[in-house]
Amino acid sequence: MSTSSLPAPDHAADLREALLAADFTADGLLDRLGAAAYAALARSETVPALRATRGDGPLDTLVRLFLLQRPVSEERARAALPLEACVADGWLTRADGADGEAEVRACVDVRPYGGPDGEDWFIVSDLGCAVGGAGGIGSREEGVVLGVGGASTTLAGITVRTPVASALDLGTGSGIQALHAAQHATRVTATDLNPRALEFTRLTLALSGAAPADLREGSLFEPVGGETFDLIVSNPPFVISPGARLTYRDGGMGGDDLCRTLVRQAGDHLNEGGYAQFLANWQHVAGEDWQDRLRSWVPYGCDAWIVQREVQDVAQYAELWLRDSGDHRSDPAEYDERYEAWLDEFEARGTTAVGFGWITLRKSAAAAAGRPSVVLEEWPHAVQQPLGQAVRQHFARQDYLRDQDDAALLAGHFVLAAEVVQEQVGLPGAEDPEHVVLRQHRGMMRATKVDAVAAGFAGVCDGSLPAGRILDAIAQLMAEDPVLLRDRTPQAIRLLVEEGFLEPAPGVETRGE
């Protein structure tokens, strides 16, 4: 496909007005289709949505055109849209129906997408390529551009959303990350190796009523030269595959080299205090710890927080992406040949499994001075999106702890974080619990087992007393040596702060004891 086959954004504002007037929005779709049909559409099952849109209202027409990719009569289309402008710009095309009646069909997939503050946005992608669209993903041409998927929304949710002067969406695809960034960045640059993706980003931004981005064609950081940014986001083609068959997912470098290169080069393009946030896959290699592998990716001058969300063995991983490309529907011999190629690639590289997760970098003076904070962890459990604020708070806590020795911690004032609860686990009727768990109900939703001292300490932290004084009181209550308690407890305090259960009290100056 060439970019010339894509719509022009000339009358995007008129089309947007028509879509909104018909309530062709994320909330409007849920109301019109109902929960069952809406959920079925997300599984690429269209029959319930077809049944729910048997009427002839404008919303029924738009759902059938842009989500279900079904033809509608010109008469219906004219009642729902500025028809002539949409045909002239290439959003729709005319065709003769089976009964000779003039019909129109959509040329692109237009999917309503709700912004974080209730904005009504629209993501434009190739027909059938919005996840949950009429055709699912399936087998695609090499230059295909996908719409919204789980990876897209995950990255959007974990991105730090503070106001910035400049943002870079590297590998923009259909422009989802650029659309989010346009809400809090003065200037947005969006790049992609695929020129069609840049055109789709232009359409997404125009149809969503967002400011245009600076669109540049090229691979990795080549299009931006030596420029630096306050925010870099990328949902790259991270799939570790034998070859570069599909541009939207296959990186074209061996193994996890594309993700490694992207992360290593990002530090050179960040301003002081800026964030770079990526989704990535990485190899688990025999005889090598995955955390050591990822630690070597972190560029000089950057702090890092790397979270492994999932691990798949090589067979599961190959099957996942063979299904993604529709190879499971191909000739069995061809499928087996491609499956073998994936396993041969993994065997040659000593790959035993593949990890998936989030990588966040932040450029800091402390890291440049040789004191980087690099945290790697495995967290496959549920989280509460959006996590952008939790990411920012993670680095703020690392900044605080980096400058606090044990004496400073004991002199510090702390408060229990919001929505932390205590759970006591033990046999019914027992005098004392077997153990105590502190649990978060927002953000990363962590749970950590603590002893009686740490539980008691956390429970009375309201910012009024320094930590050392609280420990002295606990020692008296528990008939413990206060000196020994002060010696052994800072490590527990440090962990509770690092994981977000305790926060330094705002506006309290540290005072000597």
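Which helices and strands each supply at least two residues of the lining of the second largest pocket? The legends below start there, and the model they describe is a predicted one.

**Close-up 1. The second largest pocket and the elements around it.** Four elements each bring at least two residues to this lining: strands β4 (109–114) and β19 (502–504), together with helices α8 (150–158) and α16 (388–402). Helix α16 gives the most, with nine residues. The pocket has a volume of about 840 Å³.

**Close-up 2. The residues that line the second largest pocket.** In total, 41 residues line this pocket. Look for P386, L387, G388, Q389 and A390, which lie nearest its centre. By character, the lining divides into 15 nonpolar, 17 polar and nine charged residues.

**Close-up 3. F238 with F356, one of the aromatic pairs.** The structure holds 12 aromatic pairs. In the pair of F238 and F356, the rings are tilted, with 55° between the planes and 5.7 Å from centre to centre. F238 sits in the loop between β9 (229–234) and α11 (257–266), while F356 belongs to strand β12 (residues 351–363), so the pair ties together parts that are 118 residues apart in sequence. F238 has a relative accessibility of 11%, so it counts as buried, the cut-off being under 20%.

**Close-up 4. Y275 with F395, an edge-to-face pair.** Here the ring centres of Y275 and F395 are 5.7 Å apart and the planes meet at 70°. Y275 comes from strand β10 (residues 270–285) and F395 from helix α16, so this contact ties together parts that are 120 residues apart in sequence. Both Y275 and F395 are buried. Helix α16 may look familiar from the first view, where it gives the most to the lining of the second largest pocket.

**Close-up 5. An aromatic cluster, and an arginine over a tryptophan.** Y317, W321, W342 and F346 come together as one aromatic cluster. In a separate panel, R446 lies over the face of W379, at 5.3 Å from the ring centre.

**Close-up 6. Cysteines without a disulfide partner.** The structure holds zero disulfides. For C86, the nearest cysteine sulfur is that of C107, 10.0 Å away, and C86 is in no disulfide. A disulfide needs two cysteine sulfur atoms within 2.5 Å. With 2% relative accessibility, C86 counts as buried. C259 is likewise in no disulfide; the cysteine sulfur nearest to C259, that of C302, is 17 Å away. C259 counts as buried too, at 3% relative accessibility.

Notes:
Residues are numbered from 1 along each chain as its sequence is written. This is a predicted model: local features need pLDDT of at least 70, side-chain atom pairs count only at pLDDT 80 or more; totals for chains, interfaces and linings use all residues. Side-chain values use heavy atoms; hydrogens and water are left out. On a 1 Å grid over the protein atoms alone, a cavity is a set of points where a 1.4 Å probe fits but cannot get out, and a pocket is an open set with protein on both sides within 12 Å along at least five of seven lines; lining residues have an atom within 4 Å of a point. Grid points are joined across faces, edges and corners, and a volume is the space filled by probe spheres set on the points. Ala, Val, Leu, Ile, Met, Phe, Trp, Tyr, Cys and Pro count as nonpolar, Asp, Glu, Lys and Arg as charged, and the others, Gly among them, as polar. Rings of Phe, Tyr and Trp (its six-membered ring) pair if their centres lie within 6.5 Å; planes under 30 degrees apart count as stacked, over 60 as edge-to-face and the rest as tilted. Buried means under 20% relative accessible area, exposed over 50%, partly exposed in between (1.4 Å probe, protein chains only). A charge sits over a ring if NZ of Lys or CZ of Arg is within 6 Å of the ring centre and within 35 degrees of the ring normal.
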